[in-house]
Amino acid sequence: VLVLYFLLGSINVYGANSQAVATALARLETFQTLLGAQIGSIITLGIGPIVTAPIVLQMLVGSELLPWNTNTQEGKQKFQAAQKVLAYSLTVIQAVGWVASGQFGNVAGQPGLMALLSGQIILGGWLIIMMDDLVQKWGFGSGTGLFIAAGVSKQVYISAISPLTQTGELYWSV
């Protein structure tokens, strides 16, 4: 799973404006590390949808907008199923939001390009969710923790041996 995660992080989004991606990367480098993402690749969203879904559901259940009793087995199962559906849905919403906001270049008036870019990011987000499920079921711990640790470890290793940041500037002059 970890090898697949690193492989997906090295597949750039086809059709993206490389200058716009570099600008987004410079602004959101810390975001990328915290969410196990790789901005500009198909796993641009990282674990964002996986982390956001239970927070939203907990707020809805806690405020009793969703009248579920999560103390029962049935309530827990309902909550977990809704969490997965919401994570997949948030992946679509966040991917379209990233593309529409211009993080991959100006796509205004180009619905085909917007669909292409969004589709790639959605696919990557869904793969991250499936890999998280795989690690939770057959591995140890959670996939989200694994992806964050892998991203941080990669960043520390690269920073230790390279004098350049991901945007090509000298690390010490930033």
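So, the protein chain has seven helices and zero strands. If you read along the sequence, the pattern is simply α-α-α-α-α-α-α. One thing to keep in mind: this is a predicted model. As for overall dimensions, the C-alpha atoms of the protein chain fill a box of roughly 55 × 40 × 25 Å, taken along the principal axes.

Okay, let's talk about how some of these helices meet. When two helices pack, you describe them by the angle between their axes and the distance between the axes. Let's do that for three pairs.

Start with helix α4, residues 48-62, and helix α5, residues 73-100. Their axes come within 8 Å and cross at roughly 125°. That angle makes α4 oblique to α5. The way α4 passes α5 is a right-handed crossing. Who's touching whom? On the α4 side you've got Gly48, Pro49, Ile50, Thr52, Ala53, Pro54, Val56, Leu57, Gln58 and Val61. Over on α5, the partners are Phe79, Ala82, Gln83, Leu86, Ala87, Leu90, Thr91 and Gln94. And how many charged residues are in the contact of α4 with α5? There are no charged residues there, just twelve nonpolar and six polar ones.

Next up, α5 and α6. Here the axes come within 9 Å and cross at roughly 145°, and this crossing is right-handed. From α5, the contact takes in Lys84, Ala87, Tyr88, Thr91, Val92, Ala95, Val96, Val99 and Ala100. From α6, you get Met114, Leu117, Ser118, Ile121, Ile122, Gly125, Trp126, Ile129, Met130, Asp132 and Asp133. Sort the residues of that contact by class and you find 14 nonpolar, three polar and three charged. By the way, if you're following along on the structure, Ala87 and Thr91 of α5 were also in the contact with α4.

Third pair: helix α6, which is residues 111-138, and α7. Their axes come within 8 Å and cross at roughly 110°. So α6 and α7 are roughly perpendicular to each other. In α6, the residues involved are Ile128, Met131, Asp132, Val135 and Gln136, and they meet Gly143, Thr144, Leu146 and Phe147 in α7. By class, that contact has five nonpolar, three polar and one charged residues.

Now for the empty space. You find it by rolling a probe the size of a water molecule over the atoms, which shows where space is left. How many cavities of 30 Å³ or more does the structure hold? One. About 130 Å³ of space lies in the largest cavity. It's lined by 14 residues, and the closest to its centre are Tyr5, Ala37, Gln38, Gly151 and Lys154. The elements giving two or more residues to that lining are α1 (2-9), α3 (29-34) and α7 (143-161). Which one gives the most? That's α7, with four residues. As for the mix of classes, the lining of the largest cavity divides into five nonpolar, eight polar and one charged.

Last stop, back to α7. You can find α7 in two places in this talk: meeting α6 through Gly143, Thr144, Leu146 and Phe147, and giving four residues to the lining of the largest cavity.

Terms used:
Residues numbered from 1 in each chain as written. Predicted model: local features only at pLDDT ≥ 70, side-chain atom pairs only at ≥ 80, totals over all residues. Heavy atoms only, no water. Axes fitted to C-alpha atoms, helices over the stretch in contact; angles between N-to-C directions. Parallel < 35°, antiparallel > 145°, perpendicular 65-115°, else oblique. Left-handed = near helix turned anticlockwise from the far one by under 90°. Contact = heavy atoms within 4.5 Å. Nonpolar A, V, L, I, M, F, W, Y, C, P; charged D, E, K, R; others polar. 1 Å grid on protein atoms, 1.4 Å probe; cavity = no way out; pocket = protein on both sides within 12 Å on 5 of 7 lines; lining within 4 Å. Points joined across faces, edges and corners; volume = space filled by probe spheres on them.
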